[in-house]
Amino acid sequence: MGSLTFTSRIMESGITGEPMSDIASNVRSIRERISSAAAECGRSAGEITLIAISKTFPVEAIAAALAAGVECIGENRVQEAEPKILHFQGIASPEWHMVGHLQSNKARRAAELFHMIHSVDGARLARKLSAAASDIGKTLRILLQTDLGGEETKFGLAVDRIRETVEEIAGLPGLRLDGLMTLPPFFQEPERTRPFFARLREVGERLEHEQPGCLGRKHLSMGMTHDFEVAIAEGSTMVRIGTAIFGRRT
Ligand SMILES: *Cc1c(COP(=O)(O)O)cnc(C)c1O
């Protein structure tokens, strides 16, 4: 992916948004911050997957992130993601992650396009994804988006419904439940999100205690540009970083 031909093809494709060189150095600095945050709490940086969230940014910006070694790209809308994903077919093969709210009428297309869906918020959506994934012989990785009760938390499954949902999902073909995700309310002060991250980890631990193995890889998708270091300290295994890599969204 870092080959000269690939890089020069990106260079020639015209740059909009954050300049390429900035994206590459942003990726380097985020990786360093992930490593220090992990080291500070005695974790290995290798346990933490960086997902670059490219919503609103063009394929050139994604190409720059891929050239800088990013392997996972996240988008939050199926309609916006589709042309980007199709663009890279035959050029590069990142893992595509759907991190935004997913309407059930888009489930089939999402199951076809993405490798992982972070925003599964109930058994009904899971069944649609399962049917679509089975039809194309694919194993789709999913996370359960969990609503931890913040006032501004708009989507996700209430904590008291997670257990029954996990049980319902367990038998569905074509899906692999890999863990939990949360999108806490925004606080200026990142430390204020810590209780949400700690809570998601506890919810995961309790589920694993009650039904060992139910969360597959035990992933915790939590932490964004302004609070990912706190999330790592609380056990995050997937950080979703947009602004710090691609720049401000307009
Ligand atoms: C946009 C988005 C992100 C990235 O947010 P930044 O603050 O720009 O890092 C992460 N997760 C979800 C679900 C998003 O929609």
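Okay, let me start with a phenylalanine: Phe-187 is buried, at 14% relative accessible area. Quick reminder before I go on, this is a predicted model. I'll come back to the partner of Phe-187 once we've been through the ligand and the other ring pair.

So, the ligand. Which residues surround it? On the list we have Ile-53, Lys-55 and Val-99, then Met-224 and Thr-225, then the run Arg-240, Ile-241, Gly-242 and Thr-243, and finally Arg-249. If you sort that shell by character, you get four nonpolar residues, three polar and three charged.

Now the polar contacts made by side chains. Lys-55 puts a polar side-chain atom 2.6 Å from an oxygen atom of the ligand. Thr-243 has a side-chain N or O atom 2.5 Å from a ligand oxygen. And for Arg-240, the partner is a nitrogen atom of the ligand, with 2.9 Å between that nitrogen and an N or O atom of the side chain. How much of the ligand does the protein cover? On its own the ligand has 390 Å² of accessible area, and the protein covers 91% of that.

Right, back to the aromatics. There are three aromatic pairs in the structure, and I'll show you two of them.

Take Phe-57 and Phe-246. Their ring centres are 5.5 Å apart and the planes sit at 25°, which is under the 30 degrees cut-off, so this pair is stacked. Where do the two rings come from? Phe-57 is in the loop between strand S1 (49-53) and helix H3 (59-67), while Phe-246 belongs to helix H10 (residues 243-246), so the pair ties together parts 189 residues apart in sequence. Are these two buried or exposed? Phe-57 is buried, with 7% relative accessible area, and Phe-246 is buried as well, at 1%.

The other pair is where I came in: Phe-187 with Phe-196. Here the centres are 6.0 Å apart and the planes are at 40°, so we call this one tilted. Phe-196 is buried too, because its 17% relative accessible area falls under the 20% cut-off.

Last thing, cysteines. How many disulfides does the model have? The count is zero. For two of the cysteines I can give you the exposure: Cys-41 is partly exposed, at 32% relative accessible area, whereas Cys-72 is buried, at 6%.

That's what I've got, thanks.

Technical notes: Residues numbered from 1 in each chain as written. Predicted model: local features only at pLDDT ≥ 70, side-chain atom pairs only at ≥ 80, totals over all residues. Heavy atoms only, no water. Near = heavy atom within 4 Å. Polar contact = N/O pair within 3.5 Å; in protein donor to acceptor, adjacent residues only side chain to side chain. Areas by Shrake-Rupley, 256 points an atom, 1.4 Å probe, with all protein chains shown as cover. Nonpolar A, V, L, I, M, F, W, Y, C, P; charged D, E, K, R; others polar. Phe/Tyr/Trp six-rings, centres within 6.5 Å; stacked < 30°, edge-to-face > 60°. Helix = DSSP H or I, 4+ residues; strand = E, 2+ residues; numbered from the N terminus. Buried < 20%, exposed > 50% of the residue type's maximum accessible area, 1.4 Å probe, protein only. Disulfide = S-S within 2.5 Å.
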